[in-house]
Amino acid sequence: MICRRALCWLIVVLAFAAPSVAEAQPRTAIGFEVVATHDLGARGMNAGLAIADACGYVGSRSGTQDVLILDLSDPRRPRTIGSLPHAPGSTPREVRASAELNLLIVMHYRLDPFSGAPNRLDLYDISDCRRPELRGRFDFGNAQPHEFFLWRDPSSRRQGRALAYVAMWGHTPNLRVIDVSDPTAPVEVASWDAGAIVGWPSRLHSLTVSRNGRRAYLADWDLGLMVLDTSGLARGRGDLTPQLLTPPEAWVQLPGGRLHSAVIAPGDEFVVTTQEIYGPGACPYGGVHIVSVEDPASPRVLSRFGIPENDPAACGTTATLDGAFTAHNPLVIGDLAFVSWYAGGLRAIDLRDPENPVAAGAFQPTPLASVAADDFTLGSYPVRMWSSPIIRDGLIYVVDIRNGLAILRYTGPRASRVADIEWAEGNAT
């Protein structure tokens, strides 16, 4: 969600062009200025980012690392001030925070499906953001969550109401909606399952929900893009069960599959999708598609966009870099998008013409000399930009798995628009 002074929009995603493939140690800043970086103790395996008030929270891809607490009161000098304990064997990968609700949610899921490690949401009171206090938990049992979207009810009659839309990974039901309005007593209020329609388990990867809460845009790893009517959940009364608006024959299945994100853009006319495709033989890796959803019963692809390493003609050269040059998490503000792109760093794109997106900027951090732990399933290329970017007071905050936190000022086309934004994030309203 984006708050530009008194105006709030829900929006979404994309990506752009890469540095020269000849760079052995990538250090790219085109359309970006570095305000500060923080290596997060050079621990590596960093994951999701959440921000509330003067604090930041960084999750981990590991089952042995804590969630770090950062002091961001001076963006030029971020510092680590504490941590939240991990659950051994589970990755505290996804974090969401709301300063208005004094709420921090940490999602844990077990790395070994046959272990007894937990699959759960931990809910913290962050009235003092530096000292979160655990208030409650929601346990998924043996079902593994993957990502979640935090929706805050915009109605003045239902202040404080919040729902976590949780994407389950290969489990039934594959969408579970948890009411987290009372952190001491989270409760499941609705569920939905694409697998029941096709006859086999669905791997829902992620989703976004419109600001008014009436539509959900689902990115299913295998089955593609689909739209749900979530009006009942938005009202909070009557039948809360989501209703499918896109018939199975119209689900948007992109070449290569592995649909990661589907985020609605201004006007609810199109979504931006990302595909997470990487690994040996996977070149040209995953890019971005823009899909019209003016008619949710019949979505249609408007355009495709990738960075140079996504060009099939470059696969021979790109393979020598041994990196995961694939799109991941997006943020869109107005007609600009910022996308974490793993080895491709952070990308900015111009979305004024959704049928012809244009490159607007690129940033790659200077890699750390070494880290305590790393994920070499992503290759040896030492850039792994991963988190969903967040804008606070005109600055962009984003986390690299290996290299830590970067705080950036966008200086590319229409930079003044970004400078005026007080708050924007892509995985919560």
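Strands here are DSSP runs of at least two residues marked E, numbered from the N terminus, and by that reckoning Thr91 has its place in strand E9. The model on the screen is a predicted one, which should be kept in mind at each stop.

Select Thr91 to begin. With a relative accessible area of 0%, Thr91 counts as buried, because that term applies to anything under 20%. If you then display its surroundings, leaving aside residues up to four places away in sequence, Thr91 touches Ser60, Arg61 and Ser62, and also Met107, His108, Tyr109 and Leu111.

Next, keep Arg61 and Tyr109 selected and add Arg93, His146 and Glu276: these five are the closest to the centre of the second largest pocket, among the 16 residues that line it. The space in this pocket comes to about 270 Å³. Colour the lining by residue class, and the second largest pocket shows six nonpolar, five polar and five charged residues. Strand E9, which spans residues 90-98, and strand E13 are the elements that give two or more residues to this lining.

From the pocket, move on to the enclosed space. How many cavities of 30 Å³ or more does a search of the whole structure find? The search finds one, and the volume of the largest cavity is about 200 Å³. To centre the view on it, select Arg96, Glu147, Asn329, Ser388 and Asn427, which lie nearest the centre of this cavity out of the 21 residues in its lining. By class, that lining holds nine nonpolar residues, nine polar residues and three charged ones. The elements that contribute two or more residues to it are strand E5 (46-52), E9, E13, strand E17 (204-209) and strand E21 (259-264). Strands E9 and E13 therefore deserve a second look, because each is a DSSP run that gives two or more residues to the lining of the second largest pocket and to that of the largest cavity.

Finally, follow strand E13 into its sheet. Four strands, in the order E13-E14-E15-E16, make up an open sheet with antiparallel pairing. Strand E13 (145-152) and strand E16 (187-192) are the edge strands, each pairing on one side only. Neighbouring strands of this sheet are turned against each other by 25° on average, direction ignored. To inspect one pairing in detail, select strand E15 (residues 175-179) together with E16: the two run antiparallel and are joined by five bridges. Within this pair, Ile178 has Glu188 in E16 as its bridge partner.

Terms used:
Residues numbered from 1 in each chain as written. Predicted model: local features only at pLDDT ≥ 70, side-chain atom pairs only at ≥ 80, totals over all residues. Heavy atoms only, no water. Pairing = 2+ DSSP bridges. Axes fitted to C-alpha atoms, helices over the stretch in contact; angles between N-to-C directions. 1 Å grid on protein atoms, 1.4 Å probe; cavity = no way out; pocket = protein on both sides within 12 Å on 5 of 7 lines; lining within 4 Å. Points joined across faces, edges and corners; volume = space filled by probe spheres on them. Nonpolar A, V, L, I, M, F, W, Y, C, P; charged D, E, K, R; others polar. Buried < 20%, exposed > 50% of the residue type's maximum accessible area, 1.4 Å probe, protein only. Contact = heavy atoms within 4.5 Å.
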